[in-house]
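Reader: Got a minute to walk me through this one? I'd like to start with a hairpin.

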Amino acid sequence: RHFRTREPFNNLELRVRVRNGEFRWFLTSGQAVWDAAGRATRLAGSITDITDRKLQDERIARLTRIHAVRGAINAAIVRTNNRNALVRESCRIAVEIGKLAFATVALVADDLTGTLVAWDPADSPFAQALSGRIGDRGDHGLLDEVARASGPMIYNDLSAEAAGPQTRDMLEHGYRALGLFPMFAAGRVDC
């Protein structure tokens, strides 16, 4: 556009792949210098690497979302007296405020089968593909791990590390990461 309109460009943020293959963010401003025939002969301006600032902005936005999710879930706990309504509302909050692609709560039985009790979005094809049951295909790998876990389990790249028998299903539905946060009651996984 600059070469067509000849208007200077100011504070244009660009994401560029650099020689080593990584992506960096740059802030650019400039103006072409034109010769007598109207051809651009050079570009005068500045380019500043703002990658660190963009990463910091992303961290701040993520922390702000986490704070907002915690506040909204705390408010839901105060105003909701029904467990199922609370977990449905928690899933909605995680998706709408936390910007997660999908959130679910499953009840894990002693035989390590799981039943989805709430999820958002409500029309999720992935939740429908699970047919309301997890772990009844004979392979309880992920539910075994969750039952033994003493805290959250995070899978940042499902294409690189398998997260149980549903990994392929998750990838096929466009999910690339997974976080599991077991809740315990009387020393065992409750949901």
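Reader: Which residue takes a positive phi in the hairpin of β1 and β2?
Author: Gly21 does, with a phi near 95°. That hairpin has five residues between its strands. Keep in mind that this is a predicted model.

Reader: How many bridges hold the pairing of β1 and β2, and in what sense do they pair?
Author: Seven bridges, in the antiparallel sense. Strand β1 covers residues 9-17 and strand β2 covers residues 23-34.

Reader: Give me some register. What is the bridge partner of Glu13 in β2?
Author: Leu27. Further along, Phe9 stands opposite Gly30 in β2.

Reader: And the sheet itself? What is the strand order?
Author: The order is β1-β2-β3, three strands in an open sheet with antiparallel pairing. The edges are β1 and β3, the latter spanning 40-49, and each of them pairs on one side only. From one strand to the next, the twist averages 40°.

Reader: Which helix lies across those strands?
Author: Helix α2, residues 51-79. The helix crosses β1, β2 and β3 and runs at about 130° to β2.

Reader: Back to β2 for side chains. Is Ser29 buried or exposed?
Author: Ser29, which lies in strand β2, is buried, because its relative accessible area of 17% is under the 20% cut-off.

Reader: What does Ser29 touch?
Author: Leaving out residues up to four places away in sequence, Ser29 touches Phe9, Asn10, Asn11, Ala44, Gly45 and Ser46. With Asn11 there is also a polar approach: the backbone nitrogen of Asn11 lies 2.9 Å from a polar atom of the Ser29 side chain.

Reader: Now Phe23. Why does it count as partly exposed?
Author: Its relative accessible area is 35%. Phe23 is partly exposed because that value falls between the 20% limit for buried and the 50% limit for exposed. Phe23 is also in strand β2.

Reader: Which residues does Phe23 touch?
Author: Arg15, Val16 and Arg17, again not counting residues up to four places away in sequence. As for Thr51, the C-alpha atoms of Phe23 and Thr51 are 8.6 Å apart in space, with their positions 28 residues apart in sequence.

Reader: Switching to α3. What's its span?
Author: Helix α3, residues 83-96, reaches 20 Å from first C-alpha to last. For its 14 residues, that is close to the 20 Å expected at 1.5 Å a residue.

Reader: What goes on at the start of α3?
Author: A side-chain oxygen of Asn82 comes to within 2.9 Å of the backbone nitrogen of Asn84.

Reader: Which α3 residues are buried, and what do they pack against?
Author: Buried ones are Val87, Glu89, Ser90, Cys91, Ile93, Ala94 and Val95. The buried residues of α3 pack against α2, β4 (103-108) and β5 (114-120).

Reader: Zoom out. How many helices and strands in the protein?
Author: Six helices and ten strands. Of its 191 residues, 30% count as buried. Among contacts with a separation of 6 or more, 38% come from residues 24 or more positions apart.

Reader: Last topic, confidence. Where is it lowest and where is it highest?
Author: Strand β10, residues 188-189, is lowest at a mean of 54, and α2 is highest at 95. Across the protein, pLDDT averages 84, and 85% of the residues score at least 70.

Reader: What should not be read in detail where pLDDT is low?
Author: The predicted coordinates.

Conventions
Residues numbered from 1 in each chain as written. Predicted model: local features only at pLDDT ≥ 70, side-chain atom pairs only at ≥ 80, totals over all residues. Heavy atoms only, no water. Pairing = 2+ DSSP bridges. Helix = DSSP H or I, 4+ residues; strand = E, 2+ residues; numbered from the N terminus. Axes fitted to C-alpha atoms, helices over the stretch in contact; angles between N-to-C directions. Contact = heavy atoms within 4.5 Å. Expected span 1.5 Å × (residues − 1). Buried < 20%, exposed > 50% of the residue type's maximum accessible area, 1.4 Å probe, protein only. Polar contact = N/O pair within 3.5 Å; in protein donor to acceptor, adjacent residues only side chain to side chain. pLDDT = per-residue confidence, 0-100.
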